[in-house]
Amino acid sequence: MDARATPRLTVWHDGGCPLCRREIAVMRRLDRAGAIDFIDVAAEDATCPIDRGDLLARFHARENGVLLSGAAAFAAMWRAIPLLRPLGLAARVPFVLAGLERLYLLFLRVRPGMQRLARKWERV
């Protein structure tokens, strides 16, 4: 079986969020090996391992059967992409991951405002 047929990582993202769409588009381009299965949680037919609202509220990924959220999920995605792998490996250091999680929590606070701006720019 081709290694590309079975992604090692599954990422759930909010396809209704303009910020998320842009970021996932970049990650898809960087994922040349097809190591990541990207699932748009906003799609009606999306398979969700947990509550859809929880998946939309925070970034989630499944790495080696373990469901991750927030900065840990981003780090797993980075590890699956050769160019970003060093960042993902650095996030395995507990204080690095804790710092990234703090930054992610700050981002979640400003995300609604950033989404409004991004939607405004999409219409222009």
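Arg58 has a relative accessibility of 22% and therefore counts as partly exposed, a value that comes, like every other one here, from a predicted model. Arg58 is a useful place to enter the structure, since its side chain is paired with that of Glu101 in a salt bridge whose closest N and O atoms are 2.8 Å apart. Glu101 belongs to helix H5, whereas Arg58 sits in the loop between helix H2 (52-57) and strand E3 (60-63), so the bridge ties together parts of the chain that are 43 residues apart in sequence.

Side chains of opposite charge can pair when their charged atoms come close. How many salt bridges does a search of the whole structure find? The search finds three, and the pair of Arg58 and Glu101 is one of them.

Another of these bridges joins Arg79 to Glu63, with the closest N and O atoms 2.8 Å apart. Because Arg79 lies in helix H3 (residues 71-80) and Glu63 in strand E3, this pair ties together parts that are 16 residues apart in sequence. Both Arg79 and Glu63 are buried. For Arg79, this agrees with the setting of its helix, since H3 is mostly covered, with ten of its ten residues buried. The buried residues of H3 include Phe74, Met77 and Trp78, together with several alanines, among them Ala71, Ala75 and Ala80.

A further bridge forms between Asp14 and Arg111, whose closest N and O atoms are 3.3 Å apart. This pair links distant parts of the chain, for Asp14 is in the loop between strand E1 (9-13) and helix H1 (18-30), while Arg111 is in helix H5 (residues 94-123), 97 residues away in sequence. Are the two partners buried or exposed? Asp14, with a relative accessibility of 15%, counts as buried, and Arg111, at 10%, counts as buried as well.

Helix H5 also contains Gln115, which has a relative accessibility of 13% and so counts as buried. When neighbours within four places in sequence are left aside, Gln115 is in contact with Cys17, Pro18 and Leu19.

Cys17 leads on to the cysteines. A disulfide is a covalent bond between the sulfur atoms of two cysteines. The structure holds zero disulfides. Why is Cys20 not bonded to Cys17, which holds the closest cysteine sulfur? The two sulfur atoms are 3.2 Å apart, which is too far for a bond, because a disulfide requires the pair of sulfur atoms to be within 2.5 Å. Cys20 is itself buried, with a relative accessible area of 16%. Cys48 is likewise in no disulfide, the nearest cysteine sulfur being that of Cys20, 14 Å away. With a relative accessible area of 25%, Cys48 is partly exposed.

The last stop is Ala46, which is found in the loop between strand E2 (36-40) and H2. Although placed in a loop, Ala46 counts as buried, at 14% relative accessibility. Which residues does Ala46 touch, not counting those up to four places away in sequence? They are Ile39, Asp40, Val41 and Arg52. Ala46 can also be placed relative to Trp12, from which it is separated by 34 residues in sequence and by 9.1 Å in space, C-alpha to C-alpha.

Terms used: Residues numbered from 1 in each chain as written. Predicted model: local features only at pLDDT ≥ 70, side-chain atom pairs only at ≥ 80, totals over all residues. Heavy atoms only, no water. Salt bridge = Lys/Arg side-chain N within 4 Å of Asp/Glu carboxyl O. Helix = DSSP H or I, 4+ residues; strand = E, 2+ residues; numbered from the N terminus. Buried < 20%, exposed > 50% of the residue type's maximum accessible area, 1.4 Å probe, protein only. Contact = heavy atoms within 4.5 Å.
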